[in-house]
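Biologist: I am new to this structure and would like a close look at one part of it, the sheet. Please go through how its strands are paired, and then what lies around it.

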Amino acid sequence: MSELSTAARPYAKAVFEMAHADGEMQAWSDTLSTLAAVVSNDDMRGLLESPAATAAARADAVCQVCGDSLGDKAKNVVRLMAENDRLSLMPEVARQYETLRSDAEGTVEADVRTAMALTDEQAATLAEALGKRLSRTVKINSVVDESLLGGAIIQAGDLVIDGSIRGKLEKLGQALNR
């Protein structure tokens with residue numbers, strides 16, 4: 001995994017710097033998301049991994065599938081990555097780009113798993129509390145996971161807070177087994 005991250009980093013940084021300078025960060029998020037989906041497709045992956053396909057053929061195939069949604073700069077990124085045999089890194093490039101974008105905008109997405117659905121008020125309170133802790137604007141992505149019994153598990157970037165009843169019971173069990 002770290003090899004993928006290392007190889008994808010220069011592309012993600014270059015796209016981020018270009019998007020930031022042009023004021024097109026959302027447009028590039030959309031473009032990279034589309035490109036990641038295209039290169040992850042099983043049929044496309046077969047073409048991209050084919051030793052018979054040239055770099056130009058790979059780039060043209062990706063650009064053709066995307067159609068008019070790709071601008072000239074995005075097509076150049078695709079061509080560059082194809083020439084360097086790096087198109088398969090596009091999902092990782094997109095992920096790293098989103099991280100760079102979030103850092104620049106001072107935002108973070110928090111995935112919250114709860115035993116029952118959060119009310120709007122609870123989500124707002126949680127977003128505010130996490131925002132203070134992380135010094136960022138927090139967007140809550142809430143998912144119901146009935147296996148938790150109660151409480152919540154929150155993941156925001158590298159931060160994981162396990163406030164679930166299941167997690168507390170597991171910690172108690174571990175403490176008793178010592």
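Modeller: Strand 1 and strand 3 run antiparallel and are joined by five bridges. This is a predicted model, and the values below are computed from it. Within that pairing, R113 of strand 1 has I153 in strand 3 as its bridge partner. Strand 3 also pairs on with strand 4 (residues 159-162), again in the antiparallel sense, through four bridges. Here I154 is matched with I161 in strand 4. Strand 3 and strand 4 make up a hairpin with two residues between them, and G157 in that turn has a positive phi of about 65°. Strand 3 is mostly covered, since four of its five residues are buried.

Strand 1 has a further pairing, with strand 2: these two run in the parallel sense over eight bridges. One of the pairs is V112 with S142, the latter in strand 2. Put together, the four strands form an open sheet in the order 2-1-3-4, with mixed pairing. Strand 2 and strand 4 each have a single partner strand and stand at the edges, so one side of each has no neighbour in the sheet. From one strand to the next the twist averages 15°. Helix 7 (residues 120-134) packs on this sheet and touches strand 1, strand 2, strand 3 and strand 4. The direction of helix 7 makes about 135° with that of strand 2. As a general point, side chains in a regular strand alternate between the two faces of the sheet.

R113 deserves a second look, for its side chain also forms a salt bridge with D145, with the closest N and O atoms 3.6 Å apart. R113 lies in strand 1 (residues 107-114), whereas D145 is in the loop between strand 2 (137-144) and strand 3 (152-156), so the pair ties together parts that are 32 residues apart in sequence. With a relative accessibility of 36%, R113 counts as partly exposed.

That contact belongs to a set of ten salt bridges in the model. Others sit within a single helix. D42 and R45 meet at 3.2 Å, N to O; both are in helix 3 (residues 42-49), three residues apart, about one turn of the helix. D42 is exposed, at 57% relative accessible area, while R45 is partly exposed at 34%. R166 and E170 form another salt bridge, their closest N and O atoms being 3.8 Å apart. These two lie in helix 8 (residues 165-177), four residues apart, which is again about one turn. R166 is partly exposed at 37%, and E170 is partly exposed at 46%. In addition, E98, R101 and E105 are linked in a network of salt bridges.

Away from the sheet topic, there is also a contact between two helices. Two packed helices are described by the angle between their axes and the distance between the axes. For helix 4 (residues 55-66) and helix 5 (residues 72-83), the axes come within 8 Å and cross at roughly 145°. The crossing of helix 4 with helix 5 is right-handed. On the helix 4 side the contact involves A55, A59, V62 and C63, which meet K75, V78, R79, A82 and E83 of helix 5. Of the residues in this contact, six are nonpolar, three are charged and none is polar.

Methods:
Residues are numbered from 1 along each chain as its sequence is written. This is a predicted model: local features need pLDDT of at least 70, side-chain atom pairs count only at pLDDT 80 or more; totals for chains, interfaces and linings use all residues. Side-chain values use heavy atoms; hydrogens and water are left out. A salt bridge is a side-chain nitrogen of Lys or Arg within 4 Å of a carboxyl oxygen of Asp or Glu. Buried means under 20% relative accessible area, exposed over 50%, partly exposed in between (1.4 Å probe, protein chains only). Two strands pair if DSSP finds at least two bridges between them. Axes are lines fitted to C-alpha atoms, for helices over the stretch in contact, and angles run from 0 to 180 degrees between N-to-C directions. A crossing is left-handed if the near helix is turned anticlockwise from the far one by less than a right angle, and right-handed if clockwise. Contact means heavy atoms within 4.5 Å. Ala, Val, Leu, Ile, Met, Phe, Trp, Tyr, Cys and Pro count as nonpolar, Asp, Glu, Lys and Arg as charged, and the others, Gly among them, as polar.
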